[in-house]
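Biologist: I am new to this one. Please show me the structure, and then we can go through its spaces and its packing.

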Amino acid sequence: MNKNGLLIAIEGIDGSGKSTLAKELYDHFCAKNIPAILTKEPGDTPLGKEIRSIVQEQHVAICPKAEYLLFAADRAQHAQEVILPALAQGNIVISDRMGDSSIAYQGYARGLEIDMIKMVNRWALNEYMPNLTIFVHIDPTIARQRCIKRSNHLSAFEKEEELFMRKINDGFCDLYKNRTDVIIINGNQNRESVIQETLSALMPRLDTI
Ligand code: TYD
């Protein structure tokens with residue numbers, strides 16, 4: 001494994017099960033005594049927590065560019081405070097969402113320029129990119145039912161029409177076609193099958209990076 005650590009991003013729409021998967025992967029590495037940390041965007045730093053509540057609640061009007069720049073500010077702080085130090089110490093960093101969420105949500109779904117988002121994302125992360133991305137691909141109707149079932153308080157994103165999540169899902173699919181650094185997992189299965197499918201695809205890859 002790369003001595004400078006390894007960055008794994010987990011991506012997917014709301015209700016795809018990616019947070020559960022991220023936690024299971026983290027537990028798996030811990031059980032094997034592999035140094036790892038579990039982190040997330042937005043909201044894993046003190047600044048990020050403030051930003052998270054602004055973007056999740058949207059009590060004041062936020063235009064798409066401002067929305068993206070808030071996520072980018074969270075990302076820059078996250079890189080500086082959490083990700084880059086953990087990688088320098090040789091950890092596997094598992095991040096529940098990263099820059100591709102902005103490409104899918106603010107780019108494909110909100111209509112912002114994707115090249116601009118890619119450029120600012122790279123800058124926010126000091127040009128460091130995930131070594132591997134795991135995309136949990138789920139039917140948006142199933143994902144929506146899960147969001148409604150698990151919470152009586154939906155975020156601004158979860159309140160959007162199903163069409164919005166479809167655009168995001170299609171955006172991820174477009175972004176990830178023909179990519180060798182992305183593992184696509186069928187999120188329509190039960191939790192155990194999602195975890196097993198991910199571990200079988202991921203573990204053999206780790207030694208080759
Ligand atoms: P998430 O942490 O996955 O939500 P939760 O933990 O409440 O399930 O993400 C928060 C929301 O922010 C989610 O709807 C996706 C959205 N988001 C973007 O729109 N752009 C981004 O760049 C990121 C990181 C998240």
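Modeller: By class, 7 nonpolar, no polar and 5 charged residues line the largest cavity. Ala, Val, Leu, Ile, Met, Phe, Trp, Tyr, Cys and Pro count as nonpolar, Asp, Glu, Lys and Arg as charged, and the others, Gly among them, as polar. This is a predicted model: local features need pLDDT of at least 70, side-chain atom pairs count only at pLDDT 80 or more, and totals for chains, interfaces and linings use all residues. Residues are numbered from 1 along each chain as its sequence is written, and side-chain values use heavy atoms, without hydrogens and water.

Biologist: Which helix gives the largest share of the lining of the largest cavity?

Modeller: On a 1 Å grid over the protein atoms alone, a cavity is a set of points where a 1.4 Å probe fits but cannot get out, and lining residues have an atom within 4 Å of a point. The lining includes Pro140, Ala143, Arg144, Cys147 and Ile148. The largest share, 5 residues, comes from helix α6 (residues 140-150).

Biologist: What is the volume of the largest pocket?

Modeller: A pocket is an open set of points with protein on both sides within 12 Å along at least five of seven lines. Gly15, Lys18, Ser19, Arg97 and Arg150 lie nearest the centre of the largest pocket. By class, its lining has 9 nonpolar, 12 polar and 13 charged residues. A volume is the space filled by probe spheres set on grid points joined across faces, edges and corners, and here it is about 690 Å³.

Biologist: Which element gives the largest share of the largest nonpolar core?

Modeller: Such a core is a set of buried Ala, Val, Leu, Ile, Met, Phe, Trp, Tyr and Cys residues joined through side-chain atoms within 4.5 Å; buried means under 20% relative accessible area with a 1.4 Å probe, protein chains only. This core has 23 residues, and Ile13 and Phe172 are among those with the most contacts inside it. Elements here are DSSP runs, helices (H or I, at least four residues) and strands (E, at least two), numbered from the N terminus. The largest share of the core, 6 residues, comes from α7.

Biologist: How far apart are the end C-alpha atoms of helix α8?

Modeller: Expected span is 1.5 Å times one less than the number of residues. Helix α8 (residues 191-206) has 16 residues, so the expected span is 22 Å. The end C-alpha atoms agree with that, at 22 Å apart.

Technical notes:
Buried means under 20% relative accessible area, exposed over 50%, partly exposed in between (1.4 Å probe, protein chains only).
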